[in-house]
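Here is a short, friendly tour of a protein model. Have the structure open beside you as you read.

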Amino acid sequence: MIVVAGEALIDLVPQGTGALASLRPALGGGPFNTAVALGRLGSPTAFCSRTSSDAFGEALLDGLRTAGVDVSGVQRGTEPTTLAVATVDAGGSAAYSFYVDGTADRLFTTPDALPHGTRAASFGTCSLVLEPGATAYEKLMRAAAAQGVFTALDPNIRPGLIPDPDAYRARFRGWLPSVSLLKLSAEDAEWLGGTPRAWLAEGPAAVVVTHGGDGLTVFTRDGAEHSVPGEKVDVVDTIGAGDTVNAALLHGLSVRGALSPQAVARLGGNDWTALLRFAARAAAITCSRAGAEPPYASELADVLEGR
């Protein structure tokens, strides 16, 4: 079981150009997208979050169930669902404005335990920023790591939600001893102001940096660095691409029996190249269609799940 912990929200996606373009509601949130992508790839997955009992919250849970994700541990509340208003530029890149005050996911509380059989847990995005839920998710991440669970972190920086950047950067560094796999975009890395080598020294077994259409690079503790180019595709938008990379990496590590820091350390250059190619192909498929619509396993059969 891979557990994905974090927010589920509604993306309001523009259907044209200009500030007053019509908006289409779509299921979203970085952790939500990661969970759906894992489910579609065939990994046993559970979602750990707090969602609203409103119509949007019900639709989010239905989306997870449809992807085969276990939602039995999701907390519920009467507060409204978080909204994210997206804008998409000419190249398909998305930016967001968030409506988060008084929403259900912010009131997440740390569960007593992760589901039985949890082998990995994934964290990130808004859920590690917005209090009081951020502290609860942080507590869960530290507890999972202490129990030997493979932990993945994608900070997925949203600067508009972070009132004190320096305090967040310090908090991020404090998470690293509890992180097995750190995945982030080149833009996130620049905003955080660190380097993959410095972060590796703090705890992760590997750091994967995404470069949009230019591909992915992994840095490992033994000093190795492996890169693959991006897959060429007609980009509709990039919504959910990074979340798809998260899922593809976790799925690929799982099928290789490599969901432990020790197993990650044993992966060689050919292993990493295959895993990164798998993630690049999965992300490209997501970018080829509107909204966060990650691929199914059948669409990636020729890449052999990164093996």
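What follows covers the overall fold, the nonpolar cores and the main pocket.

This is a predicted model: local features need pLDDT of at least 70, side-chain atom pairs count only at pLDDT 80 or more, and totals for chains, interfaces and linings use all residues. Residues are numbered from 1 along each chain as its sequence is written, and side-chain values use heavy atoms, without hydrogens and water.

The protein chain has nine helices and 14 strands, which are DSSP runs (helices H or I, at least four residues; strands E, at least two) numbered from the N terminus. Its C-alpha atoms fill a box of roughly 50 × 45 × 40 Å along the principal axes. Buried residues (under 20% relative accessible area, 1.4 Å probe, protein chains only) make up 57% of the 307 residues.

Two cores are worth a look. A nonpolar core is a set of buried Ala, Val, Leu, Ile, Met, Phe, Trp, Tyr and Cys residues joined through side-chain atoms within 4.5 Å.

| Core | Size | Members include |
|---|---|---|
| Largest nonpolar core | 54 residues | Phe47, Leu64, Phe150 |
| Another core | 41 residues | Ala84, Leu128, Met141, Trp191 |

Helix H9 gives the most to the largest core, with ten residues. Leu216 is among the residues with the most contacts inside that core. Beyond its neighbours within four places in sequence, Leu216 is in contact (heavy atoms within 4.5 Å) with residues including Val208, His226, Val245 and Leu276.

Finally, the lining of the largest pocket has 21 nonpolar, 18 polar and ten charged residues; here Asp, Glu, Lys and Arg count as charged, Ala, Val, Leu, Ile, Met, Phe, Trp, Tyr, Cys and Pro as nonpolar, and the others as polar. A pocket is an open set of points on a 1 Å grid over the protein atoms alone where a 1.4 Å probe fits, with protein on both sides within 12 Å along at least five of seven lines, and lining residues have an atom within 4 Å of a point.

Note on methods:
Buried < 20%, exposed > 50% of the residue type's maximum accessible area, 1.4 Å probe, protein only.
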